[in-house]
Amino acid sequence: MATLPSSGPFAPQYVHGVYIPCGLLIVGCAIVKSEWLPYAFAVAALLGGWKVYSNQPRKILKPDQFQQFELKEKTILSHNTAIYRFKLPRPTDILGLPIGQHISIAATLPGQPKEVVRSYTPISSDLTPGYFDLLIKSYPTGNISKHVASLMVGQTMKVRGPKGAMVYKPNMVRHFGMIAGGTGITPMLQIIRAIVRGRPLGDKTEVDLLFANVNPEDILLKEDLDELVKGDSGFRVHYVLNNPPEGWKGGVGFVTADMIKDKLPALAKDVKVLICGPPPMISAMKKATESLGFQKAKPVSKLEDQVFCF
């Protein structure tokens, strides 16, 4: 049985909300009083135009203003990690978040004199209207992460954005070397998915990702990453574990300069290294990349930097 597409001129909202009502109005006038047909066509055109306009995607984010978004769904991945789906005002709304940028979430917490603000990168994109997804790992000392973990479906979270100096554009470099630790995978995944989606339009960017975790069960979104590797010859992922299981074939221990040299692209003008993870890891990776000849990472990264830290 054929189904209607979810977008475009034949999407259900247009068929049921525009074409059918307007058609019924015109046919009804033709049957009851044909001299009213010009008015029926005019009313149908006005109503149809308004409906089409109101169904256009709206960018919801405001860079200078926090807004409340309702928690729609929570998907538990492990004892301390979950995907939180927040609802946008309308089903056709999008966040309006450029690839590579992130959002700020804020909360007033007990015992904290000021509102606490933290940055997160959604694992969803503007291609999925009506909601956005955050992958968050709750740490014992993480104020915001613990607060989000305590949210019940129907409660709200304050969000502002877009933020960040990274804005990905197709073929901005020949090759990305990515180093991620834990939930630091989220901005990498956002960019990787954009590159893979852009292949039919000519995006030839190569990507090698070093993804470091403590235990095998800590590897977030591994199935998603492995699926992307399977379907795209220009993307490779190299897993590193502190506590590898027996028979493990990936990297072991902390990410080192030798691992970077072995798995990531060699130093070149058209190569950029992206880093995201816990602060100690970022600090170590800055030193490791510098030791391999890459430009020294700045305290606050800019888009043109060869080593960019989220």
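Is Asn 171 buried, partly exposed or exposed? In this predicted model, Asn 171 counts as partly exposed because its relative accessibility is 38%, and the partly exposed class lies between the cut-offs of 20% and 50%. The residue is found in the loop between β6 and β7. Its backbone has a positive phi of about 60 degrees, although Asn 171 is not a glycine.

Leu 221 can be set beside it. This residue also is not a glycine and has a positive phi of about 60 degrees. Leu 221 sits in the loop between β8 and α5. Its relative accessibility is 11%, so Leu 221 counts as buried, the cut-off for that class being under 20%.

One further backbone feature concerns a proline. The peptide bond that joins Gly 161 and Pro 162 is cis, with omega at about 0 degrees. Pro 162 lies in strand β6.

Strand β6 leads to the antiparallel pairing around β1. Strand β1, residues 67–76, pairs with β6, residues 156–163, in the antiparallel sense over 4 bridges. In this pairing Glu 70 of β1 stands opposite Thr 156 in β6. Strand β1 is also joined to β2, residues 81–87, by 6 bridges, and these two strands run antiparallel. Here the bridge partner of Leu 71 is Phe 86 in β2. Between β1 and β2 there are 4 residues, and the two strands form a hairpin.

Later in the chain comes a parallel sheet. It is an open sheet of 6 strands, in the order β10-β9-β8-β7-β11-β12, and the pairing is parallel. Its edge strands are β10 (251–252) and β12 (307–309), each of which pairs on one side only. Within the sheet, β8 and β9 pair in the parallel sense over 7 bridges. Asp 208 has Arg 236 in β9 as its bridge partner.

Several strands of this sheet also appear in the nonpolar interior. The largest nonpolar core has 32 residues, and those with the most contacts inside it are Phe 176, Met 178, Ile 185, Met 188, Ile 191, Leu 209 and Phe 211. Two or more residues each come from β7 (175–181), α4 (185–197), β8 (206–213), α5 (222–231), β9 (235–241) and β11 (271–276). Helix α4 gives the largest share of this core, 7 residues. The core draws at least three residues from each of domain 2 (67–163) and domain 3 (175–309). A second, separate core has 24 residues, including Phe 69, Leu 97, Val 148 and Met 157.

Phe 211 gives a view of the surroundings of one residue in the largest core. Leaving aside neighbours within four places in sequence, Phe 211 is in contact with Ala 180, Gly 181, Gly 182, Ile 185, Ile 219, Leu 220, Leu 225, Val 237, His 238, Tyr 239 and Val 240.

Two of those contact residues, Val 237 and Tyr 239, are also reached by Asp 226. With neighbours within four places in sequence left aside, Asp 226 is in contact with Val 237 and Tyr 239. Asp 226 has its place in helix α5. The C-alpha atoms of Asp 226 and Val 237 are separated by 7.9 Å, and the two residues are 11 residues apart along the chain. At 25% relative accessibility, Asp 226 counts as partly exposed.

What remains is the space that the protein atoms leave open. The largest pocket has a volume of about 890 Å³. It is lined by 36 residues, of which Ser 119, Thr 183, Cys 276, Gly 277 and Phe 310 are the closest to its centre. At least two residues of this lining come from each of β4 (116–120), β5 (131–137), α3 (143–150), α4, α7 (279–291) and β12. Helix α4 therefore contributes to the lining of the largest pocket as well as to the largest nonpolar core.

There is 1 cavity of 30 Å³ or more. About 80 Å³ of space lies in the largest cavity. Its lining consists of 16 residues, and those nearest its centre are Leu 95, Ser 124, Ser 125, Asp 126 and Phe 132.

Notes. Residues are numbered from 1 along each chain as its sequence is written. This is a predicted model: local features need pLDDT of at least 70, side-chain atom pairs count only at pLDDT 80 or more; totals for chains, interfaces and linings use all residues. Side-chain values use heavy atoms; hydrogens and water are left out. A nonpolar core is a set of buried Ala, Val, Leu, Ile, Met, Phe, Trp, Tyr and Cys residues joined through side-chain atoms within 4.5 Å. Buried means under 20% relative accessible area, exposed over 50%, partly exposed in between (1.4 Å probe, protein chains only). Domain bounds come from an automatic or database domain assignment. Contact means heavy atoms within 4.5 Å. Two strands pair if DSSP finds at least two bridges between them. On a 1 Å grid over the protein atoms alone, a cavity is a set of points where a 1.4 Å probe fits but cannot get out, and a pocket is an open set with protein on both sides within 12 Å along at least five of seven lines; lining residues have an atom within 4 Å of a point. Grid points are joined across faces, edges and corners, and a volume is the space filled by probe spheres set on the points.
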